[in-house]
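The exercises below ask the reader to work through one model step by step, with a solution after each task. Please look at the sequence and the coordinates before reading the solutions.

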Amino acid sequence: GASAPFGSRAPPSAERWRCVLTLTGHAGDVVDLAWAPAGHRLASVSLDNTVRVWEAAGAAAGGGAQLGGAQQQVAVLQGHHGMAKGVGWDP
């Protein structure tokens, strides 16, 4: 449902998040994620200074695809000289 306006006494709406897919591969904590504009790929950036691109069409569509993380990894971008803190897509 809709959330309560800021400052109101109404109880906050409860979110019902659930894990539908786990992507494994980073050696450090993930600090940012970005969905591709078309929604079929996900980019993640980690404290391991890599950006990983994942094929996640089933997850983006809410289908709860049962796919292994290694099979979904499309690319690993390495070679950052400083800490990689964010990721985004340029259409």
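**Exercise 1. Determine in which order the helices and strands of the protein follow one another from the N terminus.**

Solution. Read from the N terminus on, the elements run β-β-β-α-α-β, in a model that is predicted. Counting by type, one finds two helices and four strands in the protein. As a next step, take the contacts with a separation of 6 or more: residues 24 or more positions apart account for 46% of them. Finally, for the surface, the protein has 91 residues, of which 23% are buried, and its accessible surface comes to about 6,600 Å², with 54% belonging to carbon and sulfur atoms.

**Exercise 2. Decide whether Ala43 is buried or exposed, and list what it is in contact with beyond its neighbours within four places in sequence.**

Solution. Begin with the location, which is strand E2. The relative accessibility of Ala43 is 3%, and the cut-off for a buried residue is under 20%, so Ala43 counts as buried. Next, set aside the neighbours within four places in sequence; the contacts of Ala43 are then Asp32, Leu33, Ala34, Arg52, Val53, Val87 and Trp89. One of these partners, Val53, can be examined further, since a C-alpha to C-alpha distance is available: Ala43 and Val53 are 10 residues apart in sequence and 4.4 Å apart in space.

**Exercise 3. Search the whole structure for salt bridges, and describe what is found.**

Solution. The search of the whole structure finds one salt bridge. It is formed by Arg41 with Glu55, and the closest N and O atoms of the two are 2.8 Å apart, where the criterion asks for a side-chain nitrogen within 4 Å of a carboxyl oxygen. The pair links distant parts of the chain, with Arg41 in strand E2 and Glu55 in strand E3, 14 residues apart. As to the background, side chains of opposite charge can pair when their charged atoms come close. For the last step, consider accessibility: Arg41 has a relative accessible area of 29% and is partly exposed, and Glu55, with 26%, is also partly exposed.

**Exercise 4. Examine the loop between E2 and E3, and state what is notable about the phi of Asn49.**

Solution. Asn49 lies in the loop between E2 and E3, and its phi is positive, at about 60°, although Asn49 is not a glycine. The general rule is that most residues other than glycine have a negative phi. With 24% relative accessibility, Asn49 counts as partly exposed. A further step looks across the chain to His81, which is found in the segment after strand E4 (73–77). The two residues are 32 residues apart along the chain, while their C-alpha atoms are separated by 8.3 Å. His81 itself is exposed, with a relative accessible area of 85%.

The loop holds another residue to be considered, namely Leu47, placed between strand E2 (41–46) and strand E3 (51–55). Leu47 has a relative accessible area of 43% and is partly exposed; because a patch takes residues with over 30% relative accessible area, this value passes that cut-off. Together with Val31 and Met83, Leu47 makes a nonpolar surface patch of about 280 Å².

**Exercise 5. Characterise the largest pocket by its volume, by the residues that line it, and by the element that gives the most to the lining.**

Solution. For the volume, about 270 Å³ of space lies in the largest pocket. The lining consists of 13 residues, and those nearest the centre of the pocket are Leu21, Thr22, Leu23, Leu33 and Leu42. Turning to the elements, strand E1 (30–35) and E2 each supply at least two residues of the lining. Of the elements, E1 gives the most, with three residues.

Methods:
Residues numbered from 1 in each chain as written. Predicted model: local features only at pLDDT ≥ 70, side-chain atom pairs only at ≥ 80, totals over all residues. Heavy atoms only, no water. Buried < 20%, exposed > 50% of the residue type's maximum accessible area, 1.4 Å probe, protein only. Contact = heavy atoms within 4.5 Å. Areas by Shrake-Rupley, 256 points an atom, 1.4 Å probe, with all protein chains shown as cover. Patch = residues over 30% accessible without salt bridge, like charges linked within 9 Å, V, L, I, M, F, W, Y side chains within 5 Å. 1 Å grid on protein atoms, 1.4 Å probe; cavity = no way out; pocket = protein on both sides within 12 Å on 5 of 7 lines; lining within 4 Å. Points joined across faces, edges and corners; volume = space filled by probe spheres on them.
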